[in-house]
Amino acid sequence: MSVPPRHAGKLGNMSRSDVIVIGAGVVGLSIAIAAQMRGLNVTVIDREGPAAGASAGNAGAFAFTDILPLASPGILKKAPKWLLDPLGPLSIPPAYALQIAPWMFRFWRACQPSRVAQSTSAQTALMDLSKAELEPFLAATDALSMLRKEGNLQVYESGAEYEASLPGWQAREKHGIEFRHMHAAEMADIQPGIAPRFIRGTFTPGWYSIADPKLYTLALAAQFSARGGVIEIAEVKALSPIADGAEVVAVDGRRHVAGKVVLSAGAFSHRIARTLGENIPLETERGYNTTLPEGSFDLRTQVTFGGHGFVVTRLTSGIRVGGAVELGGLELPPNFKRSEAMLKKAQAFLPGLKAEGGSQWMGFRPSMPDSLPAIGRAKTTANVVYAFGHGHLGLTQSAGTARLVADMLSGKTTAIDIAAFSPQRFG
Ligand SMILES: Cc1cc2nc3c(=O)[nH]c(=O)nc-3n(C[C@H](O)[C@H](O)[C@H](O)COP(=O)(O)OP(=O)(O)OC[C@H]3O[C@@H](n4cnc5c(N)ncnc54)[C@H](O)[C@@H]3O)c2cc1C
């Protein structure tokens, strides 16, 4: 897509749009384009411009097979061990421990088996929809050439780790997900160069990825502009309902009205929703990575080191080593020792990896306690639609979310039941 995005500069006195989308990440831009496809006139507002948030630095996976919520009894078993290592896969900086406690309590409640079963079935429905919507959406946005179908290889260091993964695979099997367990020799056919300490693996061929998540998000911005959309740079402070729509108020005091407003500002969305009187338990799971120059490793599929909480991915921009969850809120400075710790492990796990010349990044996953996104109308006005909180799966679920929100904006019945994603489900 060669058309550059049109940025109208600061939010000015504009004509009224049918729809304003707040947030130019992969979720907001996918929604904006899906709304344009329904004949609506759309403006996107972002405080920095396209691809400024988590959508730029993620691992690029369409993880359609990841139907099991993170909030599950399995994670409760692993968490105590992980928390002992300050640079391990899961950490809570002491400075944020009190603030995160209410969210952790809700997370813990969401780990009850009955809640996990409900979340899994809702997540599966959204994954199926997202998978079905993805290729038509990529084709319509000239981005089909960025899709890679190289699968994912999850590797295990011990028989015990492999055995512990089996209930999860059985649950996926029930939902029709294809996978293949294997020993080291077969793993080496799929991905040579993995250290011999990894003795078993599971390959999921239905795991897709995008050539580069930042370039994809920028391509969506260009596509949106080419279809006549305008991207405004403004930091949104508040929303308020008006008789036949909603008003968006920027930090600098300027205002804009639209018939409908979609709030998709990633991990910052709850702050804006608060101005409508809603207290939505959105937190951030901060994630880290290092992107090494192209050619740093001959990677043929995404490799997931699940026991260590990170993945290694081949992107147009290079080899990305990333993951980890740091429950540290939106204000603490990044701790790039995490990126370094993952890179060191990656060198040990993939002995041929050249670890020099990388660039580090930290991003804010927008996460609800039960691992499901918030998709639905605001409590006080039907003219504001929320679409945020996709956690580890925002890219994966972007096309499905766009379909659902476009259905809502054009007054249609949503393609799947969205009750489980209600933004108000935590009361
Ligand atoms: C290390 C890591 C790896 C990941 N890997 C994957 C993966 O492989 N697959 C996957 O599906 N997901 C992955 N994710 C998750 C994924 O990146 C997110 O779920 C997704 O990017 C969220 O998209 P978004 O559009 O909701 O938010 P964002 O991309 O964060 O966009 C939000 C936008 O809102 C804007 N904004 C915020 N506040 C305001 C305001 N007040 N006014 C105006 N604009 C505002 C920001 O500038 C930003 O551009 C990963 C995340 C991390 C951190």
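Two strands are taken to pair if DSSP finds at least two bridges between them. In this predicted model, β4 and strand β10 (residues 208–210) meet that criterion, pairing in the antiparallel sense over two bridges. Within this pairing, tyrosine 208 of β10 is the bridge partner of phenylalanine 62. The pair belongs to an open sheet of three strands, arranged in the order β4-β10-β6 with antiparallel pairing. The edges are occupied by β4 (61–62) and β6 (147–148); each has a single partner strand, so one side of each is left without a neighbour in the sheet. Helix α5 (residues 113–140) lies across β4, β6 and β10, and runs at about 35° to β10.

The ligand is surrounded by 33 residues, of which Asp46, Ser55, Ala61, Gly391 and Thr396 come nearest. Backbone atoms provide several polar contacts. A backbone N or O atom of glycine 391 lies 2.8 Å from an oxygen atom of the ligand, and a backbone N or O atom of glycine 60 is placed 3.4 Å from a ligand oxygen atom. For alanine 59, a backbone N or O atom is found 3.0 Å from a nitrogen atom of the ligand. Taken alone, the ligand exposes 1000 Å², and the protein buries 96% of that area.

Two or more residues of the shell around the ligand come from each of the elements α1 (26–37), α2 (54–57), β15 (283–292) and β19 (359–367). The most is given by β19, which supplies four residues. By class, the shell comprises 16 nonpolar, 13 polar and four charged residues.

Notes:
Residues are numbered from 1 along each chain as its sequence is written. This is a predicted model: local features need pLDDT of at least 70, side-chain atom pairs count only at pLDDT 80 or more; totals for chains, interfaces and linings use all residues. Side-chain values use heavy atoms; hydrogens and water are left out. Contact means heavy atoms within 4.5 Å. Axes are lines fitted to C-alpha atoms, for helices over the stretch in contact, and angles run from 0 to 180 degrees between N-to-C directions. A residue is near a molecule or strand if one of its heavy atoms lies within 4 Å of it. A polar contact is a pair of N or O atoms within 3.5 Å; within protein, one must be able to donate a hydrogen and the other to accept it, and residues adjacent in sequence count only if both atoms are side-chain atoms. Accessible areas come from the Shrake-Rupley method with a 1.4 Å probe; for residues, only the protein chains shown count as cover. Ala, Val, Leu, Ile, Met, Phe, Trp, Tyr, Cys and Pro count as nonpolar, Asp, Glu, Lys and Arg as charged, and the others, Gly among them, as polar.
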